[in-house]
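User: Please take a close look at one buried polar site in this model. Then set it in its wider surroundings.

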Amino acid sequence: MKRLRNRVAVIAPSSRWLAQSCRRAGFEPVAVDLFGDWDLRWCCEQVVTSSMNAGELGPLLDRFHCEGVPVWFGGGYENWGRELRRTAEGRFLNTPVASLDWCRDPARWCAGLEQAGFRVPRWKLDGGTNQGPWLVKSRTGMGGQNVRNVEVNTDCSIPDGCYLQEYIRGEDWSVVALGNGVRGVLLGCFRQLTGDRACGAPGEFHYCGNIGPLWPDSKPLLDLQYLVDQVARQAGLFGLFGIDLILANDGQQMVPIEINPRPTASGELLELATGINLFRLHCDALGGRLPVSRADGPPAGSAGMLGKAIVFNRFPDSRRIGPVLARAFQSRWAAGEIADLPVAESVVGPGEPLLTVFARGRDGDTVEKELVRLAERIQRDVQDAMQG
């Protein structure tokens with residue numbers, strides 16, 4: 001392996017924005033992810049594509065540990081951290097594994113947050129007849145994968161590794177936060193896009209993207225600041241973490257539905273909107289140092305509202321990214337419209353991500369409409385390439 005200065009390994013199913021954050025902070029990222037996208041290779045000296053299972057990641061961690069390269073996990077850390085940390089104890093730039101148990105156990109975090117005064121979803125581990133509405137959720141799921149509705153008043157058996165969570169109707173939100181093990185700071189709030197048909201989302205609850213930063217009315221905002229602090233303290237979280245929430249239909253109550261004890265995808269928009277470097281903030285928090293206040297985004301009414309959306313292959317068959325289409329994507333990447341580009345001659349299966357589109361506008365609705373337009377254009381480009 002080529003010897004680089006200030007190396008850090010970033011590991012996530014899609015690791016590009018983490019690698020970019022490291023590079024902006026003056027580090028040389030080595031990336032491990034599922035796709036090995038074209039622009040990830042542009043950003044990193046070395047890219048390793050991996051199926052992202054613990055058995056395959058273990059030898060990579062051994063190698064990084066032997067070379068003195070610290071490892072920063074994104075998505076998946078909550079699933080792999082306990083098993084893999086034994087391999088490279090002391091070299092992970094993530095929250096301690098003890099934090100993971102609290103975040104992935106609905107009994108613990110729901111009880112803790114309810115005691116602190118928050119509304120939390122009902123949940124259960126046994127099936128039977130459901131008075132609903134309920135969702136079946138996996139303890140190891142990411143991005144809304146494998147989440148499904150359970151019909152009201154039907155018998156339901158819960159698969160191994162899953163539980164039932166109350167389905168709360170409202171608007172999907174997420175927050176980016178930072179903890180030092182005893183308190184937390186709210187950095188940004190985002191509206192979350194899930195199950196978007198224009199994006200070709202493979203499921204109703206599949207994560208598609210974010211719009212923001214947004215700041216809700218004063219009461220929900222104060223609630224979120226208190227929620228972040230409670231989560232960081234009760235879980236003992238260090239560094240970046242995220243919380244998925246529902247802004248309930250009354251518009252006055254934020255209900256947490258999932259705790260993510262690692263950096264989340266909406267962090268990219270926060271960096272783009274504010275210019276802060278999340279990798280540096282994350283490393284500071286690992287050492288116990290937190291910023292004094294949240295990272296405000298662009299002023300309300302400015303042309304600074306941002307959004308990003310993942311575009312999935314919505315066709316029933318696999319699509320090959322030929323050289324002409326790959327070059328067209330690269331031209332649009334240079335203009336800042338898209339990211340996570342598949343390399344030429346790669347094959348994208350049904351329901352798999354094609355790339356990410358970005359939009360900017362004066363308000364969330366404008367941004368969402370532009371994201372839809374860009375997503376539909378990508379789908380047309382892919383269809384035309386197959387017919388040409």
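Analyst: Start with a side-chain pair: Ser174 and Gln192 are joined by a polar contact of 3.2 Å. The model is predicted, so this is a computed distance between predicted positions. Ser174 has another side-chain partner. Its side chain also makes a polar contact with the side chain of Asn210, at 3.2 Å.

Where does Ser174 lie? Ser174 belongs to strand 11, which covers residues 170-180. Is Ser174 buried or exposed? Its relative accessible area is 3%. Ser174 therefore counts as buried, since the cut-off is under 20%.

Now the surroundings. Beyond its neighbours within four places in sequence, Ser174 is in contact with Gly188, Cys189 and Phe190, among others. Gln192 and Asn210, the two polar partners, are also on that contact list. So are Ile243, Asp244, Leu245 and Ser266.

Ile243 links this site to the nonpolar interior. The largest nonpolar core has 55 residues, and Ile243 is one of the four that touch the most other members. The others are Val231, Val357 and Ile378. Helix 7, residues 218-235, supplies the largest share of this core, with seven residues. A second core is separate and holds 30 residues, including Val8, Leu269, Leu270 and Ala285. As a general point, nonpolar side chains in soluble globular proteins tend to be buried together.

Ile378 deserves its own look. Leaving out neighbours within four places in sequence, Ile378 is in contact with Val311, Phe329, Arg332 and Ile338. Leu354, Leu355 and Val357 complete that list. Val357 is thus a contact of Ile378, and both are among the residues touching the most other members of the largest core.

Another buried polar residue is Glu78. Glu78 sits in helix 4, residues 77-85. Its relative accessibility is 7%, so Glu78 counts as buried. A polar contact of 2.9 Å joins its side chain to that of Arg262.

Elsewhere, strand 2 (residues 28-33) and strand 3 (residues 46-49) pair in the parallel sense over four bridges. Asp33 has Thr49 as its bridge partner in strand 3. With helix 2, residues 38-43, the two strands make a right-handed β-α-β unit.

Last, confidence. The protein chain averages a pLDDT of 88, and 88% of the residues score at least 70. Strand 18, residues 338-339, is highest, at 98. Strand 6, residues 128-129, is lowest, at a mean of 58. Where pLDDT is low, the predicted coordinates should not be read in detail.

Notes:
Residues numbered from 1 in each chain as written. Predicted model: local features only at pLDDT ≥ 70, side-chain atom pairs only at ≥ 80, totals over all residues. Heavy atoms only, no water. Pairing = 2+ DSSP bridges. Right-handed = clockwise from strand over helix to strand, strands pointing away. pLDDT = per-residue confidence, 0-100. Buried < 20%, exposed > 50% of the residue type's maximum accessible area, 1.4 Å probe, protein only. Polar contact = N/O pair within 3.5 Å; in protein donor to acceptor, adjacent residues only side chain to side chain. Contact = heavy atoms within 4.5 Å. Core = buried A, V, L, I, M, F, W, Y, C linked by side-chain atoms within 4.5 Å.
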